[in-house]
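Me: Please give a close account of a single strand in this model. I should like to know what it pairs with and what else in the chain it helps to build.

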Amino acid sequence: MRVANIDGRLTLSRPDGLLDVAEASGGRFGPDPQQAFDDWEAFSRWAHEFVRDGQADSGPRPAPGDGVVWGPPVPRPAQIFAVGLNYRDHVIESGLSIPDEPAVFTKFATSLTGHDQPVTLPEGLVDWEVELVVVIGRRCHLATRETAWSHVAGVTVGQDLSERRLQLTGPAPQFSLGKSYPGFAPTGPELVTVDELADPDDLEIGCTLEGGEVLQKSRTSNMIFDVPELIVRLSAVCPLLPGDLIFTGTPAGVGGARTPQKFLAPGDVLVSWIEGLGELRNPMLSS
Ligand code: ZN
């Protein structure tokens, strides 16, 4: 099952088109995409049945330029966790040593945006970091590896956009602030449930500049702390709540680690993709 936020409304995405959930469910589920997480189990049960049995009464899938707004699949998460230095090759390109514990920070919620939404570049050095984003579906505290995936509603593509000057300024680095300008947390286009994926722990992941070079390409199986391990370690401290996001870290190929360094510029279109999840496209604009 694939869930999107279209024009601010909770939407089911099928190969033949999009279905407005409030209309299709006769009002049983409301139009607010965030409310799907009030009772994710009931919603996903209904939605799986509807996707399987429902009539194809929807229009064709919208394309870029069709005038619809793809919002973030989870527009108002209670908590956003992000993990730095979680791929071995990215740790090495950063000149650091392999961590014993996940390096956790947050991206503030005002940085969220969706697919096909432009990002206004602030002053500074804005870098790309394609990441698998995990969406929690069921509250969990003190999770175990064995049950960790059962707390997950689905996964989506994300970018942990980062202004490197602010991120690395000061006696203690400013990860959360430097990664939270408006638009610095694009997610989407869709939340995809784990049953759609042959192996959710091993997905090809990458990003490119549209019409240009491949910037990053790896597999999520190269994570140092995999998704179950991140859920165990985070939920050992913080209860994870339905709708919470976990940005799981980025592989090698970021601009700041290159010689010479390379950063995003106005006119660039950043295309981020993960096998089975689709493409997240974001044009960069000047401020
Ligand atoms: Zn990151």
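Reply: Two strands are taken to pair if DSSP finds at least two bridges between them. The model discussed here is a predicted one, and the part chosen is strand S14, which spans residues 204-209.

S14 is mostly covered, with five of its six residues buried. One of its partners is strand S15 (residues 214-219), and the two run in the antiparallel sense, joined over five bridges. Within this pair, Ile-205 stands opposite Ser-218 of S15. S14 and S15 form a hairpin with four residues between the strands, and in that hairpin Gly-211 adopts a positive phi near 75°.

S14 also pairs with strand S17 (residues 269-274), again in the antiparallel sense and over five bridges. Here Thr-208 of the pair faces Val-271 in S17. In a regular strand, side chains alternate between the two faces of the sheet.

The strand also contributes to the interior. The largest nonpolar core holds 39 residues, and those with the most contacts inside it are Leu-132, Ile-231, Leu-240, Ile-246, Leu-264, Leu-270 and Leu-277. S14 is among the elements that give two or more residues to this core, as are its partner S17, strand S10 (130-136), strand S11 (152-159), helix H6 (227-235) and strand S18 (278-285). The largest share, four residues, comes from S10. Leu-277, leaving aside its neighbours within four places in sequence, is in contact with residues including Arg-2, Leu-132, Val-155, Val-157 and Leu-197. A second, separate core of 26 residues includes Leu-12, Ala-36, Trp-46 and Val-135.

Beyond the cores lies the metal site. The zinc ion has Glu-129 (OE), Glu-131 (OE) and Asp-160 (OD) as its protein donors, at 2.0 to 2.1 Å. Their spacing in sequence is E-x1-E-x28-D, and both Glu-129 and Glu-131 are buried.

At the level of the whole chain, the domain assignment gives domain 1 (2-53) and domain 2 (73-285). The C-alpha centres of domain 1 and domain 2 are 25 Å apart, and the contact between them draws 12 residues from domain 1 and 22 residues from domain 2. About 1400 Å² is buried between the two domains, 49% of it from carbon and sulfur atoms. On the domain 1 side, Arg-2, Gln-34 and Phe-37 lose the most area to domain 2, together accounting for 49% of what that side buries.

How values were computed
Residues numbered from 1 in each chain as written. Predicted model: local features only at pLDDT ≥ 70, side-chain atom pairs only at ≥ 80, totals over all residues. Heavy atoms only, no water. Buried < 20%, exposed > 50% of the residue type's maximum accessible area, 1.4 Å probe, protein only. Donors = N, O, S within 2.8 Å, 3.2 Å for Na, K, Ca; no water. Core = buried A, V, L, I, M, F, W, Y, C linked by side-chain atoms within 4.5 Å. Contact = heavy atoms within 4.5 Å. Domains from an automatic or database assignment. Buried area = accessible area lost by both parts, 1.4 Å probe.
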